[in-house]
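Welcome, and thanks for opening the viewer. Please load the entry below, switch to a cartoon view, and keep your selection tool at hand.

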Amino acid sequence: MTHSTIAERSLQWLLASATDAMLIIDKDGQLVLVNPALETLFGYGPGELLGKALETLIPERFRHGHVGLRGNYFERPHPRAMGAGFELFATRKDGTEFPVEVSLSPLQDKDTQPMVMATIHDISARKKAEHALQESEARMRAIFETAVDAIITIDEQGTIERLNPAAERMFGYPEPEVRGRNVKILMPAPHREAHDGYLHHYMTTGEKRIIGKGREVQGLRRDGGTFPMDLAVTEMWLGGRRMFTGLVRDITERKHAEEKAQQLLQELTSANEELTNFAYVVSHDLKAPLRGIGSLADWLAHDYADKFNDEGKEHMRLLINRVHRMGALIDGILQYSRVGRIKEAVVPVQLDQLVAEVIDLLAVPAHIKVSVMPGMPTVSGEPTRIQQLFHNLVSNAVKYMDKPEGEIEVGWADEGSQWRFQVRDNGPGIAERHFERIFQLFQTLAPRDRVESTGVGLALVKKIVEMYQGRVWLESELGKGTTFYFTLPKKRKNNA
């Protein structure tokens, strides 16, 4: 093959081997040469495009205008990129469109008519990436602009670059006024010097003392006012530059709430101390004279029994009963005040044995049958407290029983993370409107002279159950009976 032949075919070889889509058109816009890469890109078979107009590859809505542009180019041909400032689109054989970039190169020779070679790049992937980036930027801009928390961006030297609207409102500065200034203008001493130290330390040692961790500091407003704030700092790289973004939250309200909570805690502690003192007074100063009144009443009732008529004897009986009730009330108050206040040893408690002892101590009347579901579990707790739970619930069922054949059932169920217990009776029942009231201190539904009750029992049950992180409730139907339920978790939380 001669050098002239090689020279004549070199362009065809280059086009055929090129990975970019390339074509050559004549002055009339006819395709005189297309390479395989272009045929593949546009979906045509070998030689299928030759002789067709260039506009075949252009979406129909642009074809008419393109004819004029092509004519203008052939009048002043020169190498250039097509569509500067515009988006260019091409169309495949199946009609689908895609974005492209086109470079034009004139092919001129004194012996041939002018022609143009075009290189076409499919930029669909790039456009998709650009669109995704634009969407991401739009989302980030929306977050930046609408975030409730203040966002501040600084460079390696601590120079402020951006403030979002929340930061402008929080610190009282418009963004243009602080842009280019050091971020320490937003912090009072000594936090200002400390922040400079954090940044310098990180830049020199790489040790992060605040970045990615968060810290509670003081903020300084434009008017000189200070406020507590949470500051979280993140590091990022933009265009080869290291930047830092601070997320700032004004915690003034939280601090006030914490101070109020602390004040309430102190008041509660003081109230608990007063309750402790009250319990001491009750146990020592009230029980002694009460015992004296009780002894005197017993002496009068015994030694002067023949001096009283029936009405006098009834008055003495009521007096003695009320002295005993007052003593029981004082004991109940002492028990209630001690629950949760004194740290008690938690041990395994076998309920089969404990419930049997409770029933035995109650001396249940013969007309009332008490049954206990077998296989009751072992729970963790203070034995006296667990005994008080069952004692109060069973004794209430016995005390208020109004049926000639009373039935009381003590049962249990395994509910996975907790035990559920119930005490059911066929007594008088309780109206739903009283469900909450009966768990309050000193509340009873029956007259105290008819049923001896201090009104402490169910309040004590509720307090003990809640101390063990359980709950207590009841179901009842008037005339048919009541079922009290309570739960005890198998494991108590560590902070309890």
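In what order do the 5 strands of the antiparallel open sheet follow one another? Keep in mind, as you look, that this is a predicted model.

**Stop one: the antiparallel sheet**

Colour the strands by number and read across: the order is 8-7-11-10-9, an open sheet with antiparallel pairing. At its edges you will find strand 8 (160-163) and strand 9 (215-220), each of which pairs on one side only. Now tilt the view a little: neighbouring strands here are turned against each other by 35° on average, direction ignored.

Next, select strand 10 (residues 226-238) together with strand 11. These two pair in the antiparallel sense over 10 bridges. For a landmark, pick Val 233, which stands opposite Gly 246 in strand 11.

**Stop two: a bridge from a loop to strand 11**

Stay with strand 11 and show the side chains of Asp 149 and Arg 249. They form a salt bridge, and their closest N and O atoms are 2.6 Å apart. Asp 149 sits in the loop between helix 4 (124-146) and strand 7 (150-155), while Arg 249 belongs to strand 11 (residues 241-250), so this pair ties together parts that are 100 residues apart in sequence.

Is each partner buried or partly exposed? Asp 149 is buried, because its relative accessible area of 14% falls under the 20% limit. Arg 249, in contrast, counts as partly exposed at 47% relative accessibility.

**Stop three: more charged pairs**

Side chains of opposite charge can pair when their charged atoms come close. The model has 29 salt bridges in total, and here are a few to click through.

- Select Glu 216, Asp 230, Arg 254, Lys 255 and Glu 258 together: they are linked in a network of salt bridges.
- Move to helix 12 (residues 457-467), where Glu 466 and Lys 462 lie 4 residues apart, about one turn of the helix. They form a salt bridge with the closest N and O atoms 2.7 Å apart. Glu 466 is partly exposed at 44% relative accessible area, and Lys 462 is partly exposed too, at 27%.
- Then try Arg 420 and Glu 415, a salt bridge whose closest N and O atoms are 3.2 Å apart. Arg 420 has a relative accessible area of 23%, making it partly exposed, and Glu 415 is partly exposed at 36%.

**Stop four: the mixed sheet**

Which strands make up the open sheet with mixed pairing? Select strands 13, 15, 16, 18 and 17: these 5 strands follow the order 13-15-16-18-17. The edges are strand 13 (368-372) and strand 17 (472-477), each pairing on one side only. From one strand to the next, the twist averages 15°.

Zoom in on one edge. Strand 13 runs parallel to strand 15 (residues 406-414), and 5 bridges join the two. Here Val 370 is the residue to click, since you will find it opposite Ile 408 in strand 15.

**Last stop: a nonpolar patch**

Finally, switch to a surface view and select Leu 296, Trp 299 and Tyr 304. Together they form a nonpolar patch on the surface, with about 310 Å² of accessible area. Tyr 304 lies in the loop between helix 8 (252-303) and helix 9 (310-338), and at 35% relative accessibility Tyr 304 counts as partly exposed.

Technical notes:
Residues numbered from 1 in each chain as written. Predicted model: local features only at pLDDT ≥ 70, side-chain atom pairs only at ≥ 80, totals over all residues. Heavy atoms only, no water. Salt bridge = Lys/Arg side-chain N within 4 Å of Asp/Glu carboxyl O. Buried < 20%, exposed > 50% of the residue type's maximum accessible area, 1.4 Å probe, protein only. Pairing = 2+ DSSP bridges. Axes fitted to C-alpha atoms, helices over the stretch in contact; angles between N-to-C directions. Patch = residues over 30% accessible without salt bridge, like charges linked within 9 Å, V, L, I, M, F, W, Y side chains within 5 Å. Areas by Shrake-Rupley, 256 points an atom, 1.4 Å probe, with all protein chains shown as cover.
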